[in-house]
Amino acid sequence: MNAGSAVVTGHEERRIPPVRPEIELPEVAPAGQAEIERVLPLGERLMNLALVRRLLILAVLAAAWEGYAIYVNNPLMFPRFSDVCIAFVTDCLDGTLPERAWTTLNVLLLGYAAGIVCAAVFTTLAVTTRIGTDLLALLTSMFNPLPAIALLPLALLWIGLGVGSLVFVIVHSVVWSVALNAYSGFRAVSPTLRMVGRNYGLTGANYVVRILIPAALPSIVSGLKVGWAFSWRTLIAAELVFGVSAGKGGLGWYIFEYKTQLMTDHVFAGLLAVIIIGLLIDAVVFRFLEERTVQRWGMQ
Amino acid sequence: MTNAEPPLLDARGVTLRYKTAESLVTATENVSFSVFQADRFVLLGPSGCGKSTILKSIAGFLEPAAGEFTLKGRRITEPGPDRMMVFQEFDQLLPWKTVEENVLFPMLTTRRFRRPEAVERARLFLDKVNLSKFRGAFPHTLSGGMKQRVAIARAMAMAPEVLLMDEPFASLDALTRRKMQDELLELWDELRFTVLFVTHSIEEAILLGSRILVLTPHPGRVRAELNAHTLVHEDVGTAAFRDLNRRIHTMLFGEGAVGRVA
């Protein structure tokens with residue numbers, strides 16, 4: 001057989017690879033002069049940062065806004081970006097915006113905490129009993145698609161104007177996503193980890209607190225995040241419908257008020273505040289929580 | 001058997017059944033054996049012989065349908081830290097705890113050791129499995145072999161009556177597995193703990209076991225109880241090793257069967 005002249009199509013010819021001499025180096029030579037690592041130029045390193053790229057996009061969008069507003073020249077309908085910034089800063093400095101935001105956040109925290117307590121009750125029922133599981137599944141599938149704000153008229157009817165009604169709709173917006181996520185988190189705890197916990201003789205609350213909750217934490221945190229986003233939107237929407245309780249209005253009311261006064265730059269400033277607070281909670285509070293827990297533990 | 005000392009762990013006519021969504025499966029039928037102090041007792045059999053189910057039942061996760069397991073004469077009814085389990089799965093470490101905290105966790109939650117003593121034991125056993133440097137690392141940063149070492153250290157630090165190992169090396173690559181087998185034997189040589197080891201590899205059973213319980217599949221019944229206390233890694237390839245290997249192979253797969261079990 002002629003080496004290298006095998007017929008390409010012929011599987012019948014049993015080809016054998018050529019036998020070559022063995023190679024064994026006495027010692028592997030040091031890595032020589034080849035460049036192993038080089039620092040990238042500053043520009044390229046900066047562009048690799050997501051924050052820098054996103055700030056750049058923001059700047060472009062702001063410039064487009066400014067340009068379009070100058071072109072339209074109708075501050076009533078479409079104020080300039082710079083005017084919005086000025087309105088935002090003045091209202092921040094004279095304390096109006098922080099005060100309104102504080103009012104909103106107070107109500108929100110109250111509702112959020114109440115929602116989590118309700119979710120904990122539902123999750124406990126769902127994890128421990130089969131009827132509880134069915135109850136949670138049924139209620140979640142019914143109420144999760146229902147926007148919480150749609151319950152506001154009923155809340156007003158039952159509870160009346162005031163913080164109570166706001167808390168009612170916030171609880172509704174938080175409870176289902178938190179309970180559902182926590183429940184699926186508990187269900188997904190691996191059988192091995194469960195057996196490890198029981199192997200140590202852990203039972204009851206000890207078992208839940210030391211094994212199940214940390215193991216389900218990724219789902220619990222993502223439920224809390226979704227619940228936060230829902231409740232924030234719901235509250236702002238509810239405040240737009242009726243914003244004043246006990247003489248103090250929140251951010252939604254701030255937006256509504258300035259709309260009726262046709263001070264559109266302040267309306268935008270209010271929206272900006274809503275966005276910034278939402279972002280801050282998500283990027284600071286939840287990011288911090290995730291970095292300290294699930295990311296650090298490699299569970300995400 | 002003429003043995004003056006009473007067995008540490010006794011299985012008497014144990015039948016194990018578990019339910020799946022569709023049916024009631026009999027995993028083992030009328031299995032009896034005795035494990036003595038410092039035994040390296042191996043449960044060997046092909047998949048489906050119920051060897052893991054036996055281990056889980058000894059751990060207290062599954063009540064026997066008939067017969068009973070006794071540990072030091074007391075009937076096993078529920079899980080407990082006197083029988084520490086090492087699983088095959090790498091996710092048996094608590095991911096939210098560091099290596100050292102993982103080893104400390106059972107010692108502290110069971111109140112078996114006070115903190116200073118537990119810390120000392122954790123260091124000692126992490127040292128024994130060569131993981132002292134990784135004390136502060138989180139499990140997700142470790143390789144599979146290292147995770148299994150932590151699990152072994154965690155179980156041994158508890159000083160259980162019996163160590164239950166459910167194919168702990170089955171998910172490791174061949175080189176790491178071989179190293180871990182040697183390390184386990186070294187540890188045993190030093191500490192003389194009692195271990196019940198489940199495997200489906202005849203070679204691993206001969207290497208690690210001092211006594212091998214051979215089980216037949218569907219449902220698991222005892223086929224033989226063999227001695228292998230003289231054979232270690234150095235004996236792989238010797239006539240005695242090959243003979244025992246072939247003997248077990250024939251028991252499991254019949255005379256005509258060729259090839260090897262993994």
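## Contact between helices H5 and H7 of chain A

In this predicted model, two helices of chain A meet through a defined set of residues. From H5(A), the contact involves A:Leu136, A:Thr140 and A:Phe143. Their partners in H7(A) are A:His172, A:Trp176, A:Ala179, A:Leu180 and A:Tyr183. By character, the residues of this contact divide into 6 nonpolar and 2 polar, with no charged residue.

Helix H5 of chain A covers residues 130-143, and helix H7 of chain A covers residues 163-187. The axes of the two helices are 10 Å apart, and the packing angle is about 135 degrees. Angles over 145 degrees would count as roughly antiparallel and those from 65 to 115 as roughly perpendicular; H5(A) and H7(A) are therefore oblique to each other. The crossing in which H5(A) passes H7(A) is left-handed.

## Domains of chain A

Chain A is divided into two parts: domain 1 spans residues 42-73, and domain 2 spans residues 81-292. Between the C-alpha centres of these domains of chain A there is a distance of 31 Å.

## The sheet of chain B

Chain B contains an open sheet of 6 strands with mixed pairing. The order of the strands is E6-E7-E8-E3-E9-E10. At the edges stand strand E6 (83-86) and strand E10 (221-227) of chain B, each of which pairs on one side only. On average, and with direction ignored, neighbouring strands of the sheet are turned by 20 degrees against each other.

Within chain B, strand E7 (residues 162-166) and strand E8 (residues 195-199) run parallel and are joined by 4 bridges. Opposite B:Leu196 in E8(B) stands B:Leu164.

## A helix across the sheet

Helix H7 of chain B, formed by residues 239-253, lies across three strands of chain B: strand E3 (40-44), strand E9 (211-216) and E10. Relative to E9(B), helix H7 of chain B runs at about 20 degrees. One of the strands that this helix lies across, E10 of chain B, is also an edge strand of the sheet.

## The interface between chains A and B

The two chains touch through 16 residues of chain A and 18 residues of chain B. On the side of chain A, the elements that give two or more residues are helix H8 (191-199) and helix H9 (204-241). H8(A) gives the most to this side, with 6 residues.

The residues of chain A on the side that touches chain B divide into 8 nonpolar, 5 polar and 3 charged.

Note on methods. Residues numbered from 1 in each chain as written. Chains lettered and ligands numbered in written order. Predicted model: local features only at pLDDT ≥ 70, side-chain atom pairs only at ≥ 80, totals over all residues. Axes fitted to C-alpha atoms, helices over the stretch in contact; angles between N-to-C directions. Parallel < 35°, antiparallel > 145°, perpendicular 65-115°, else oblique. Left-handed = near helix turned anticlockwise from the far one by under 90°. Contact = placed C-beta atoms within 7 Å. Nonpolar A, V, L, I, M, F, W, Y, C, P; charged D, E, K, R; others polar. Pairing = 2+ DSSP bridges. Domains from an automatic or database assignment.
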